[in-house]
Amino acid sequence: MKISVILACAGSGTRANLGFNKLRYDIGGMSIFEKTLSKFIRDDISQIVITSSNEDLEYFTKCTQNLEIPTIVTLGGATRQESIFNALQVLDANTDIVVIHDGARPFVTKEIIDEAIAIAKKDGSAIACTTLIDSLRKIDGLDTKAVNRKDYLIVQTPQVFKYDSILRAHNMAREAQKQDFLDDASIYEAYIGKVSITKGSKENVKITNKDDLKLFTPNNFYVGCGWDTHELVENRKLILGGIEIPHTKGLLGHSDADVLTHAIMDALLSASHNKDIGHLFPDTDEKYKGISSLLLLKEVVKILKKDGYKINNISAVIMAQKPKLAPHLDNIQKCLANEMGIDISQISLTSTTTEKLGLVGKEEAISVNAYCSLYKE
């Protein structure tokens, strides 16, 4: 099945008051547009079409010129409806499913995209929505009236459709000279039928005003580092990140001596202004003898949650002369992400040797250096 993506990027972004399109705003070496685009660089995506204003045409073309996925940058129109219509005309005619997404929603997750595609394959349409938290009042002349927020949803993107259906809906709206639709779901609903709802997220916000840019620079942001080294000895299992690695030696320690998990725990505790694992789980306490470090990691995560911290990302490098760890890193990442309740994209692991130098190089020990960032909402 051929899945294509349309990114709506033809707006001027004037409400952000930057003097240029907000999608070009730099967020640490990557623009908002590039961050959004990165969410759709996937094996199951066959084509990407980007709508652009004339002013940004060169910029978007330059950003996408080296993509492996076939990409077209096309001029948008005076309205969103016209821009998406233009994009639909240049999509590969063999497209089965089209994902339409705002270029200014860089926080969309893989899970939201996957679910919307799956539902659209089955039902013909799928739009991401969230429930309301705040109470609502309806303006009624000079007065206002309370309404039940449970009767309403906040509509987001992605909005996903069978290509032939949404193309037909846009063509029918154009023939009827109806140019006041605010989104593609409204057009589909008017000319094709009922739209299916999928789960969005309050984090999947659309960057609109200058204040929204603060989402990229949170005030409550904390960084921590952790380091651990364990000796390699015979007659011990080698456990790294909760995964047993085949080897002639294992790591020596009071617990399972999982040096990777220990370094990550210390990084998390450092960032959250807590004492290290030696204080929390002392090797003089028999209840920790031989314990799985994953159980201790869960305790650390509980401490973070109690204190109001959330994990933003974790990065660690494992230093081992032997064994070769690269083939095991994916499984280790999945295990650790699962134990911490985070997405696998939030943890990055690498491995290296020390070129036969030092304790690690002499195959007498394994060391890990770990970093993390946390935030508070």
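Helices (H or I, at least four residues) and strands (E, at least two) are DSSP runs, numbered from the N terminus. The model on display is predicted: local features need pLDDT of at least 70 and side-chain atom pairs count only at pLDDT 80 or more, while totals for chains, interfaces and linings use all residues. Residues are numbered from 1 along each chain as its sequence is written, and side-chain values use heavy atoms, with hydrogens and water left out.

**First stop: the cavity**

Begin by selecting Arg-80, Gln-81, Ile-84, Phe-181, Leu-182, Asp-183, Asp-184 and Ile-187, the residues that line the largest cavity (on a 1 Å grid over the protein atoms alone, a set of points where a 1.4 Å probe fits but cannot get out; lining residues have an atom within 4 Å of a point). Two elements, H3 and helix H6 (184-191), each give two or more residues to this lining. Which of the elements gives the most to the lining of the largest cavity? Colour H3 to see the answer, as H3 supplies three residues. The space inside the largest cavity is about 30 Å³ (the space filled by probe spheres set on grid points, which are joined across faces, edges and corners). The structure holds one cavity of 30 Å³ or more.

Colouring this lining by class gives four nonpolar residues, one polar and three charged (Ala, Val, Leu, Ile, Met, Phe, Trp, Tyr, Cys and Pro are nonpolar; Asp, Glu, Lys and Arg charged; the others, Gly among them, polar).

**Second stop: the second largest pocket**

Keep Arg-80 selected, then add Gly-11, Arg-15, Asp-102 and Lys-206: these five are the closest to the centre of the second largest pocket (an open set with protein on both sides within 12 Å along at least five of seven lines), among the 28 residues that line it. This second largest pocket contains about 560 Å³ of space. Next, highlight strand S1 (3-9), helix H3 (80-90) and strand S8 (153-162), each of which supplies at least two residues of its lining. S8 gives the most, with four residues. By class, the lining of the second largest pocket divides into eight nonpolar, 13 polar and seven charged residues.

**Third stop: a cis bond in S8**

Stay with S8 and select Pro-158, which lies in that strand. A cis peptide bond joins Thr-157 to Pro-158, with omega of about 20 degrees.

**Fourth stop: the largest pocket**

Now select Phe-107, Glu-203, Asn-312, Gln-346 and Tyr-375, the residues nearest the centre of the largest pocket, which 50 residues line. Its volume is about 2,000 Å³. Show helix H1 (32-38), helix H4 (110-123), strand S5 (125-131), helix H9 (293-306) and strand S14 (310-319), since each supplies at least two lining residues. Which element contributes the largest share of this lining? H4 does, with five residues. By class, the lining of the largest pocket comprises 20 nonpolar, 15 polar and 15 charged residues.

**Last stop: two loops**

From S14, move into the loop between S14 and H10, where Pro-323 is found. Lys-322 and Pro-323 are joined by a cis peptide bond, with omega of about 0 degrees. Finally, select Asn-235, in the loop between strand S10 (221-233) and strand S11 (239-240). The phi angle of Asn-235 is near 65 degrees, a positive value in a residue other than glycine.
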